[in-house]
Amino acid sequence: MMTGMMIEGKWTIGWSERDQSGEFNPMPTTFRNRVTADGKSGFKAEAGRYHLYISLACPWAHRTLIMLQLKGLNDVISVSIVDPIMGDRGWMFSQAPGAIPDWVNHAQYLQEIYLKADPKYTGRVTVPVLWDKQTQIIVNNESREIMRMFDVEFAALATQQVDLYPRDLQQQIDETIDAIYLPVNVGVYRAGFATTQAAYEEAVTQLFENLDRWETVLSKQRYLCGDRLTEADICLFATLYRFDSVYYSHFKCNLRRIVDYPNLWNYLLDLYQRPQLKVTCNLDHIKRGYYMSMTEINPNRIVPKGPLVDFDRQHNRNRFGKA
Ligand SMILES: N[C@@H](CCC(=O)N[C@@H](CS)C(=O)NCC(=O)O)C(=O)O
């Protein structure tokens, strides 16, 4: 991936996020405003005002879509879904099955949205993007913050009364999201995009040490933070769902598969089988997105047929009590 980025409003190809040691280090995102329930930030949580740009392939965007579904915000926040394959000009809108064109700004490429928000934009053109139709700018393009806004700030507009950031668990949730971010969520990319043996081995070792650790945690409790589903679970789910189909082979994260971990695997099934999560999962977009966009690691763009993963298999997580 990382075919290009914007520099001073100009699309520039052939740029990479690898440092000298061959390690992948993602750049920080730059649009960091917040929608709030009271509107004091200048962005009030209102029905019909915001639009979410996502890719179904992308695990970061996936978090925001899951939250939107879990909160029942479908009629409050509208959504566009880019074409699964990222080309020379980055994410593109199309009529592909599962994609939803940009009927808000009528853009052909996602970079047009960034330019509309800031004609001199410098940075990556990434999903997810939360767009404000009223002020015509990007409010935020950091998945963790968008997910939190949907959960907390849009709560009064939500049709499902579920709280994934309950007061008594907030510190633990934040610490857990932090704990899985670098070694696991980014870790798979650090392994896949490494350009030296040492950088790859370090990333893979850390990744599996962390998966082993969460496997132990999930042998004792239903969810990452105890007996309630929280934002932290959404963050892990997006990585686990892609793991055996993409990260294991494409990114060489192949010490173990998720199906080889009894607890992580059943946890993944437990989450996946909830209707609000299931509708957000599109393995076709995911597989084509990774195997066909990242030509530097898969030059012939062949998408593997397998593995055959049965996500509808019965899970054993009810042993911990109700969902
Ligand atoms: N920090 C961002 C990262 C988002 C991100 O890296 N998205 C990827 C897709 S998985 C992307 O759009 N990449 C395009 C690019 O870097 O050119 C977030 O969590 O929201």
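Hi everyone. Let me begin at the far end of the chain: Pro-307 sits in the segment after helix 10, which covers 283-293. The peptide bond leading into that proline, from Gly-306 to Pro-307, is cis, with omega near 0 degrees. Please keep in mind throughout that this is a predicted model.

There is another cis bond to look at. From Val-127 to Pro-128 the peptide bond is cis, again with omega near 0 degrees. Pro-128 belongs to the loop between helix 2 (111-117) and strand 5. As background for you, most residues other than glycine have a negative phi, and most peptide bonds are trans. On the phi side, Gln-136 has a positive value near 60 degrees, and it is a residue other than glycine. You will find Gln-136 in the loop between strand 5 and strand 6.

That loop takes us to the sheet. Which order do its strands take? The order is 4-3-5-6, in an open sheet of 4 strands with mixed pairing. Strand 4 (78-81) and strand 6 (137-140) are the edge strands, each with a single partner, so one side of each has no neighbour in the sheet. From one strand to the next, the twist averages 35 degrees. Strand 5, residues 129-132, runs antiparallel to strand 6, and 3 bridges join the two. If you want a pair to click on, Asp-132 has Ile-137 of strand 6 as its bridge partner.

Now scroll back to the start of the chain. Strand 1 (residues 4-7) pairs with strand 2 (residues 10-13) in the antiparallel sense, over 4 bridges. Within that pairing, Ile-7 stands opposite Lys-10 of strand 2. The two strands form a hairpin with 2 residues between them, and Glu-8 in the turn has a positive phi of about 50 degrees.

Next, the domains. How is the protein divided? Domain 1 is 4-157, and domain 2 is made of 168-275 + 308-320. The C-alpha centres of the two domains lie 24 Å apart. Their contact takes 15 residues from domain 1 and 16 residues from domain 2. On the side of domain 1 that touches domain 2, helix 1 (59-71) and helix 3 (143-153) each supply at least two residues. Helix 1 gives the most to that side, with 5 residues. By class, that side of domain 1 divides into 6 nonpolar, 3 polar and 6 charged residues.

Those two helices also pack against each other. As a reminder, two packed helices are described by the angle between their axes and the distance between the axes. For helix 1 and helix 3, the angle is about 5 degrees and the axes are 8 Å apart. That is why helix 1 is described as roughly parallel to helix 3. Helix 1 brings Trp-60, Ala-61, Arg-63, Thr-64, Met-67, Leu-68 and Lys-71 to the contact, while helix 3 brings Ser-143, Ile-146, Met-147, Phe-150 and Asp-151. Sorted by class, this contact has 7 nonpolar, 2 polar and 3 charged residues.

For a second helix pair, please turn to helix 4 (residues 170-185) and helix 6 (residues 197-217). Their packing angle is about 135 degrees, with the axes 8 Å apart. Helix 4 and helix 6 are therefore oblique to each other. From helix 4 the contact uses Ile-180, Pro-183 and Val-184, and from helix 6 it uses Gln-206, Leu-207, Asn-210 and Leu-211. What classes do we find in the contact of helix 4 with helix 6? There are 5 nonpolar and 2 polar residues, and no charged ones.

I saved the ligand for the end, since I suspect many of you came for it. Which residues come nearest to the ligand? Of the 14 residues around it, the nearest are Cys-58, Trp-60, Arg-124, Thr-126 and Ser-143. Two of these names should sound familiar: Trp-60 and Ser-143 are also part of the contact between helix 1 and helix 3. By class, the shell around the ligand divides into 7 nonpolar, 5 polar and 2 charged residues.

That's my tour. Thanks for listening, and I'm happy to take questions.

How values were computed:
Residues numbered from 1 in each chain as written. Predicted model: local features only at pLDDT ≥ 70, side-chain atom pairs only at ≥ 80, totals over all residues. Axes fitted to C-alpha atoms, helices over the stretch in contact; angles between N-to-C directions. Parallel < 35°, antiparallel > 145°, perpendicular 65-115°, else oblique. Contact = placed C-beta atoms within 7 Å. Nonpolar A, V, L, I, M, F, W, Y, C, P; charged D, E, K, R; others polar. Near = placed C-beta within 6 Å. Domains from an automatic or database assignment. Pairing = 2+ DSSP bridges.
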